[in-house]
Amino acid sequence: MTLLPQELIRLKRDGHALPPEAIEAFIAGLTDGRVTEGQAAAFAMAVFFRGLSLPERVALTRAMMRSGTVLDWDLPGPVVDKHSTGGVGDTVSLPLAPMVAACGGYVPMIAGRGLGHTGGTLDKLDSIPGYVSQPEVDLFRRVTREVGCAVIGQTPDLAPADRRLYAIRDVTGTVESLDLITASILAKKLAAGLQGLVMDVKAGSGAFMARTEEAYGLAESLVTVANGAGLPTRALLTDMDQPLASVAGNAGEVAYAVDYLTGRRREPRFHAVTLALGAEMLVLGGLSPDIPSATARLEEALASGRAAETFSRMVAALGGPSDLVAHPERHLPAAPVTRRVLPPRGGHVAAIATRAIGVAVIGLGGGRTRPEDRIDHAVGLTDLAPVGAEVGPERPLAVVHARSEAAAARAEAEVLAAYQVGLEAVAGRHVILGRVE
């Protein structure tokens, strides 16, 4: 059944189910330009309000997967990956891929740009001088085979329909659609030719799914659709009621990932999530019999330096500096203005409006409000105080890194508004909230 784009939009607007062949034709038109940006935005909004059934989600996912090249791997180990639904200070992908590779897995990770208030792995990689974040497929294959991992953005060949719809969702208020999130994530992962996938589904004030019940719904959707499409998948629910790392911003998060790999800095919440996801990947790929033994292997890959060495090799193989791990300060851009954000009174952090922290980074220039916006990779926030931390005249809530004094002042005000400080120390909730398989 072939429908004009406007007829398909009208059907979904009015709450009707879309035939698989109509979805296929619409996505083909999105890929070759017959479907306009306005029509794609209207489709996204109709789906946002009306939703998709499971067969419609599967049809949309498969159509976007088939809009470009679908990779097929012939490697001496399991091809596994992880994907996060997005948060603030979530730079887990950068250390996790080389950790799993150092344990015998192959990780061809196709990451996205920032979406809404969340940071994007691709934007972080673009802060590394010379790093080819969107290589040709042949280079992607070679680096994955020789190094064990390659963290890149979508190439023009892989799920091009998703790349276009992704950018439109970012600026049309349709980021939070469970259906569109499911199809977007899985189209890329299916196109990457994976043999196993672990999802990190965020819940909390800095997540697209703020309520834990909504996050469970997304996790179940992802696992059901992926397994139905032949990709073994499991999901962890993790907390995003506060930034995962103490850094938010592109170059800052790359530096943080390097510090984590080398052992210069390993914050407990970030470490727990990274190990939990990596252990699931090793078990799913048959590299470890159970979670405890997988966790021990990952810890050894960190302690021995093999994970850091693998990351260094990946960066160099994709055009970045060979000494980034040893000297990140020589290569990563730094903002000219820094400002400590001090609370109006001393106390302990009681709560954080985490989404507002991400929005503050966008205001500094570290994210986008339009698809064509250029990102300032140097700006962001560091030293973000976690829930329960003591703050005061000598213990800031955060440090702003800005391009100008005016921008720093605006970000300072936004950070102050995002933090609640109380007299009593409180503990944040556990970082691992649940599991779906």
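Visitor: Which residue's side chain meets that of Arg 339 in a salt bridge?

Guide: This is a predicted model, and its Arg 339 is partly exposed, with a relative accessible area of 23%. Arg 339 lies in strand β6 (residues 337-341) and its partner in helix α17 (residues 405-418), so the pair ties together parts that are 73 residues apart in sequence. The N to O distance is 3.0 Å, and the partner is Glu 412.

Visitor: Which residues do salt bridges that share partners join into one network?

Guide: The structure holds 28 salt bridges. Some of these share partners, and one network joins Arg 234, Glu 280, Arg 435 and Glu 437.

Visitor: Is Glu 56, which forms a salt bridge with Lys 12, buried or exposed?

Guide: The closest N and O atoms of Glu 56 and Lys 12 are 3.1 Å apart. Glu 56 lies in helix α4 and Lys 12 in helix α1 (residues 5-13), so the pair ties together parts that are 44 residues apart in sequence. Lys 12 has 2% relative accessibility and counts as buried. Glu 56 has 4%, under the 20% limit, so Glu 56 also counts as buried.

Visitor: How far apart are the closest N and O atoms of Arg 306 and Glu 300?

Guide: Arg 306, at 29% relative accessibility, counts as partly exposed. Glu 300 counts as partly exposed too, at 40%. The two form a salt bridge, and their closest N and O atoms are separated by 2.3 Å.

Visitor: With which side chain does the side chain of Arg 57 make a polar contact?

Guide: Arg 57 is placed in helix α4 and counts as buried at 17% relative accessibility. Leaving aside residues up to four places away in sequence, Arg 57 touches Leu 52, Leu 178, Asp 179, Ser 221 and Val 225. The polar contact, at 2.7 Å, is with the side chain of Asp 179.

Visitor: What span should helix α10 have at 1.5 Å a residue?

Guide: Helix α10 has 17 residues (residues 212-228). Its end C-alpha atoms are 24 Å apart, which agrees with the expected span of 24 Å.

Visitor: Which elements do the buried residues of α10 pack against?

Guide: The buried residues of α10 include Leu 218, Leu 222 and Val 225. Val 225 is also among the residues touched by Arg 57, and Arg 57 is in α4. The elements packed against are α4 (54-65), α9 (178-191), β4 (196-203), β5 (233-239) and β12 (432-436).

Visitor: How many residues of helix α5 are buried?

Guide: Helix α5 covers residues 93-102, and among its buried residues are Leu 94, Met 99 and Val 100. Gly 104 follows α5, with a positive phi near 105°. The helix is largely enclosed by the rest of the structure, because the buried count is 10 of the 10 residues.

Visitor: How many residue pairs are in polar contact between domain 2 and domain 3?

Guide: Domain 2 spans 80-318 and domain 3 spans 334-422. Between them they bury about 1,800 Å², 56% of it on carbon and sulfur atoms. In domain 2, His 117, Gln 242 and Ala 248 lose the most area to domain 3, together 26% of what that side buries. The rule finds 0 salt bridges across this interface, while the residue pairs in polar contact number 12.

Key
Residues numbered from 1 in each chain as written. Predicted model: local features only at pLDDT ≥ 70, side-chain atom pairs only at ≥ 80, totals over all residues. Heavy atoms only, no water. Helix = DSSP H or I, 4+ residues; strand = E, 2+ residues; numbered from the N terminus. Expected span 1.5 Å × (residues − 1). Buried < 20%, exposed > 50% of the residue type's maximum accessible area, 1.4 Å probe, protein only. Contact = heavy atoms within 4.5 Å. Polar contact = N/O pair within 3.5 Å; in protein donor to acceptor, adjacent residues only side chain to side chain. Domains from an automatic or database assignment. Buried area = accessible area lost by both parts, 1.4 Å probe. Salt bridge = Lys/Arg side-chain N within 4 Å of Asp/Glu carboxyl O.
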